[in-house]
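Visitor: Could you take me through one small part of this structure, slowly? I'm new to this, so please explain the terms as you go.

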Amino acid sequence: MTSTEDRLRGVLWAVAVATYLGAAVELVLVEHWAEWQQWISLVAVAVALAATASGWRAPSAGTLRAARVVSLAVLAVSVVGVGFHLWGNFEFSHEVSPGDSASERAWDTLSGGNPAFAPGMLAIAAALALAAAWRHPAALRAPAAGG
């Protein structure tokens, strides 16, 4: 019999995987590969998708550890991505309208062509995967003797 905790854990895994898949589709649709920095998110999503799916479908101490480590790395990538997007918007705004006030510059930085918080969807997926892996029964089991 499946417990409520198991069902909720499954939902967390599923939403994390769906979010990574959505991010992958979005990155491809916007051709997010023009500069080397843009490849960071593509690689992070691919690795995170594999690690998260493995943790979900074949939970073991190893796959769950991989899902946790990759999720922590994706959290960092997400924060850096938000920084890149904000910085790109700031630079563009400064170049196009150098005389803007601080409030105008802040608005342009937040609302510019680079969606400032789009990389945050990776942080959400990573947090979901971390929650799903939290105290997972497969990670708490002792390894078999002789193995």
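Guide: Let's look closely at one pair of residues, Ser 93 and Arg 105, and then visit helix α1. First, some ground rules: this is a predicted model, where local features need pLDDT of at least 70 and side-chain atom pairs count only at pLDDT 80 or more, while totals for chains, interfaces and linings use all residues. Residues are numbered from 1 along each chain as its sequence is written, and side-chain values use heavy atoms, with hydrogens and water left out.

Start with Ser 93, which sits in helix α3, residues 61-96 (helices are DSSP runs of H or I with at least four residues, numbered from the N terminus). Ser 93 counts as buried because its relative accessibility is 5% (buried means under 20% relative accessible area, exposed over 50%, partly exposed in between, using a 1.4 Å probe and protein chains only).

Its partner, Arg 105, belongs to helix α4, residues 102-111. Arg 105 is buried too, with a relative accessible area of 9%. The side chains of Ser 93 and Arg 105 make a polar contact at 2.8 Å (a pair of N or O atoms within 3.5 Å; within protein, one must be able to donate a hydrogen and the other to accept it, and residues adjacent in sequence count only if both atoms are side-chain atoms). Arg 105 also has a polar contact of 3.4 Å with the side chain of His 94.

Now for the neighbours, where contact means heavy atoms within 4.5 Å. Leaving out residues up to four places away in sequence, Ser 93 touches Pro 98, Asp 100, Arg 105 and Asp 108. With that same limit, Arg 105 touches Phe 90, Ser 93, His 94, Ser 97, Pro 98 and Asp 100.

Over to helix α1. The end C-alpha atoms of α1 are 37 Å apart, which agrees with the 38 Å that its 26 residues should span at 1.5 Å a residue (the expected span is 1.5 Å times one less than the number of residues). Its buried residues include Trp 13, Ala 16, Val 17 and Tyr 20. An α-helix has 3.6 residues a turn, so residues three or four places apart point the same way. What covers the buried residues of α1 includes α2, α3, α5 and α6.

After α1 comes Glu 31, with a positive phi near 50°. Glu 31 lies in the loop between α1 and α2, and it is exposed, with a relative accessible area of 52%.

Conventions
Helices (H or I, at least four residues) and strands (E, at least two) are DSSP runs, numbered from the N terminus.
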